[in-house]
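Biologist: Before we begin, could you take me through this model step by step, explaining each term as it comes up?

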Amino acid sequence: MSSIEHHIAKISSAEHAFVVSSGMAALDVILRILKPGDEVIAGDDLYGGTNRLLAYIRTHVSVTVHHVDTTVPEALHKFIHPTKTAMVLLESPTNPLIKIVDLATISKDVKERAPSAIIVVDNTMMSPYLQRPLEHGADIVYDSATKYLSGHHDLMAGAITCNRDDLANQMGFTINAIGNALTPIDSFLLLRGIKTLALRMDRQQATAGAVANYLNNLGFHVNYPGLADHPGREIHERIADGNGAVLSFETGNKELSERIVGGTRLWGISVSFGCVNSLISMPCVMSHASIDAATRAARGLPEDLIRLCVGIEDVHDLLEDLERALVDAGAVEYNVSQNRYVKVHSPEANGTIACAVEKLELDTGLDKEWLVSAPGKVILFGEHAVVHGVTAIAAAVDLRCYGLIAPRNDGKLSVHFHDIEGFYHEWDIEALPWDVVTPIAAVGEQPLDQKLIAAISEGPLKELEGKRTAFAASLAFLYLYLILSEAGRRPSISFTARSTLPVGAGLGSSASFSTCAATVLLLLQRRITIPVPPAPTSPNKSHIHVSHLGRRALPQVLAEEVNRWAFIAEKILHGNPSGVDNSVAVFGGALAYTRSGSERRSGMESIQGFKSLRFLLTNSNVPRDTKRLVAGVGEKKINEPELVNGILNAIQSISDEARRALADPEIPRETLLSALSSLIHENHGHLVTLGVSHPSLELIRSTTAAEPYRLATKLTGAGGGGCAVTLVPDDIEASDLQNLIDELIREGFQPYLTSVGGSGLGILSPYDHHLNRRTVVTHRVAQVPGQITPPGTPNPGDESSTRLNVGNAAFEPLRPSFEMSSISELSSWVESLGRWLYV
């Protein structure tokens, strides 16, 4: 016996082993034991090649073959003849229906009724590592060693094992006579492969279990012995040491199955299995195509059956690829109520149902995802003074906060604040302090309900007292959720907030968060509505629709209502905010803002003709306390009224001059930049006198003012840390600007090169024709039953449109990708979703 044969015999509990040129060569050697007139009992769910060879010997060797359902041992009894039954050919699990055969019981029954019959088992599906049929009464066992024993599909081989000397002598003679023994080099390769058999099989069957459970959770009929309800599982557990790595499932439609098989990328299309690569096939049109359709039907082999042979790739990659193929093929859809993908039971009805419910769903708003965004801000002039009635000049920056609500169906409310140390929390909705909620005013300023704030703080947020930032954000969100909820409308939702803005740096991250939270809750409660899209261009009706790519699509009344509630959230977060931050977050662009209660005319006025300006925003990474800083200036005003009032008047003059310059359409660009630089220097000096600067901000300022840069820098926001803003002139050398950025980074700061004056509040359009059918997803996501990760973006030419928000939709849910996208990819990902509507 060669080294490889000795090794195979040892792991198979066998006395004899032979290796030949292929698995089918092994079966051919075994079947040569038969003679004319013999009868063979075989299973009705066998490998296609086995069926072909049995058909051949039935026709040319005059051997009778009975195909029987071997999962029922008693079904064999009537076919067993004491002298004519020469061989019983079994597989367990069977291929491809994964039926379990009680090898021990059948072996015992056959030996009792036909003592000379030979029990042959094809063990390729399990390999000797997981199952050794010789231990359960089999006489001969063979494997296609091309598969698990080799594991790499770089050779073809077959292995035969037995314990009887007479059978070994017969088969040894045949192998020697016909010359199909395995070559030396293939023997070496096979021995190499067997060394990793255990490692491979452990990985493969673990992944196969995950795939089987995933498909089962989607609602497909799955054949896999690892599933709790798989027929014969208790038998399999008795005779095998594992569940294997081959499974199959039914889709209910042959064409659908073909689309799924053709749509995978990592799963290779092949009739083989057992190697490190995962494979997918349709047995009825591939491995079992040689069996006529009528026979396949009689044996219960579904035409739509898909077989999966799991390799050693990453389980998440395999599941993501399979899910993408299922969604692209139309086999699964996202069910909002279950918050996962489910099998499509009636694909042809989807379009009709979607059209019928579209308007209803937009009206209710309870069973859809809403994705919104709001920009950060930079106060160019008027920090702190704005609290005391001085006009502030502020502009939106192109860094944004994003908010997403998604429906739940479990009576809970959850928040996930990515930028606050990944904070996540959930509450039972009915346990919230509804008894202290009072009706809100329809219009006008809404005073804070201190009783409600106390009830939230001392109730659902009691355990968060040590987490100041997360506590404040949760308080603002819960307050809005409670006070905006109408009677009987207490929707179960998850709210996720993410930001490309640095948090706590004075760039309005809290205001953009407040705007996002207010917007999604107002949408949820139908207190604001998205306008109907204008009619498309129609030459026949002489109507021309000019696309503005979503700009100015949200009406003023909607923006004002959002701003009203965003300001409420800001009051909860900061105590005595100016209102400028949330106004910029809602309205965007650049504006002059004067708070009510002063001698000057209050209100907000957009600065028309605002020219795009470049700024370098530098985060000092020094935390600051806005409430303390604002209170400190107020106290200084009480103690030194003449000094502070003089500073406030000076800052008002600066804001007035900056406002005129920014709105002047005829002022030369060079003159504008020079004037703004001077005003920035002057404004910062006054803020230093008010005591709201910080050594880190002064270091940033001196760095940017040094040669060769000579740039104007001031603190922005509350000061005391946070961010500094530097005006970047048009003619600065790119190399100088990069050197400055590098120098700031070396000093431990975080610079952001940005433009100001962009769009304000944005809402992802809910209308089908505005949405892209797919989203870009390259991320691994947390798994929930029936959901892995949404698929990727289609070709640009794909204009097909389906629903985003309904249970029978083809649009993938936003939340998994929204949660997992990296910060660098977040902005481009949300823009790829479709048309955004802006104020």
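**Reading the fold**

Modeller: Of the contacts in the protein with a separation of 6 or more, 74% are between residues 24 or more positions apart, where contact means heavy atoms within 4.5 Å. This is a predicted model, in which local features need pLDDT of at least 70 and side-chain atom pairs count only at pLDDT 80 or more, while totals for chains, interfaces and linings use all residues. Residues are numbered from 1 along each chain as its sequence is written, and side-chain values use heavy atoms, with hydrogens and water left out.

Biologist: How many helices and strands are there in the protein?

Modeller: Helices (H or I, at least four residues) and strands (E, at least two) are DSSP runs, numbered from the N terminus. Counted in that way, the protein has 25 helices and 27 strands.

Biologist: What percentage of the 839 residues is buried?

Modeller: Buried means under 20% relative accessible area, exposed means over 50%, and partly exposed lies in between, with a 1.4 Å probe and protein chains only. By that definition, the buried share of the 839 residues is 59%.

Biologist: In the open sheet of seven strands, which strands stand at the edges?

Modeller: Two strands pair if DSSP finds at least two bridges between them, and here the pairing is mixed, in the order β1-β7-β6-β5-β4-β2-β3. From one strand to the next the twist averages 20 degrees, with axes being lines fitted to C-alpha atoms, for helices over the stretch in contact, and angles running from 0 to 180 degrees between N-to-C directions. Each edge strand has a single partner strand, so one side of it is left without a neighbour in the sheet, and these strands are β1 (16-20) and β3 (64-68).

Biologist: Which residue of β5 is the bridge partner of Val-88?

Modeller: Strands β4 (residues 85-91) and β5 (residues 118-122) run parallel and are joined by five bridges. Within β5, the bridge partner of Val-88 is Ile-119.

Biologist: At roughly what angle do the axes of helix α1 and helix α7 cross?

Modeller: Helix α1 lies across β1 and β7 (158-162), and Ser-3, Ile-4, His-7, Ile-8 and Ile-11 in α1 meet Ser-187, Leu-190, Leu-191 and Ile-194 in α7. By class, this contact has six nonpolar, three polar and no charged residues, where Ala, Val, Leu, Ile, Met, Phe, Trp, Tyr, Cys and Pro count as nonpolar, Asp, Glu, Lys and Arg as charged, and the others, Gly among them, as polar. The axes of α1 (residues 3-11) and α7 (residues 184-194) come within 9 Å, and they cross at roughly 35 degrees.

Biologist: In the open sheet of five strands, which are the edge strands?

Modeller: The order is β8-β9-β12-β11-β10, and the pairing is mixed. Strand β8 pairs with β9 (residues 246-250) in the antiparallel sense over three bridges, and helix α8 (residues 197-218) lies across β8, β9 and β12 (306-309). The edge strands, each of which pairs on one side only, are β8 (221-223) and β10 (268-269).

Biologist: Why is strand β20 largely enclosed by the rest of the structure?

Modeller: Ala-590, Ala-592 and Thr-594 point one way from β20, Leu-591 and Tyr-593 point the other way, and all are buried. Strand β16 (residues 392-407) is joined to β20 by four bridges and runs antiparallel to it, and β20 also pairs with β21 (residues 603-606) in the antiparallel sense over four bridges. Strand β20 (residues 590-594) is largely enclosed because its buried residues number five of the five.

Biologist: Within what arc do the buried residues of helix α22 fall?

Modeller: The buried residues of α22 (residues 695-705) are Ser-696, Leu-697, Ile-700, Thr-703 and Thr-704, and they pack against β22 (613-619), β23 (713-715), β24 (723-728) and α23 (734-746). An α-helix has 3.6 residues a turn, so residues three or four places apart point the same way. The arc is that of the directions from the helix axis to the C-beta atoms. Seen down the axis of α22, the buried residues line one face of the helix, because they fall within an arc of 125 degrees.

Biologist: Which residue in β24 does Leu-617 stand opposite?

Modeller: Six of the six residues of β24 are buried, so this strand is largely enclosed by the rest of the structure. Strands β22 and β24 run antiparallel and are joined by six bridges. In β24, the residue opposite Leu-617 is Val-725.
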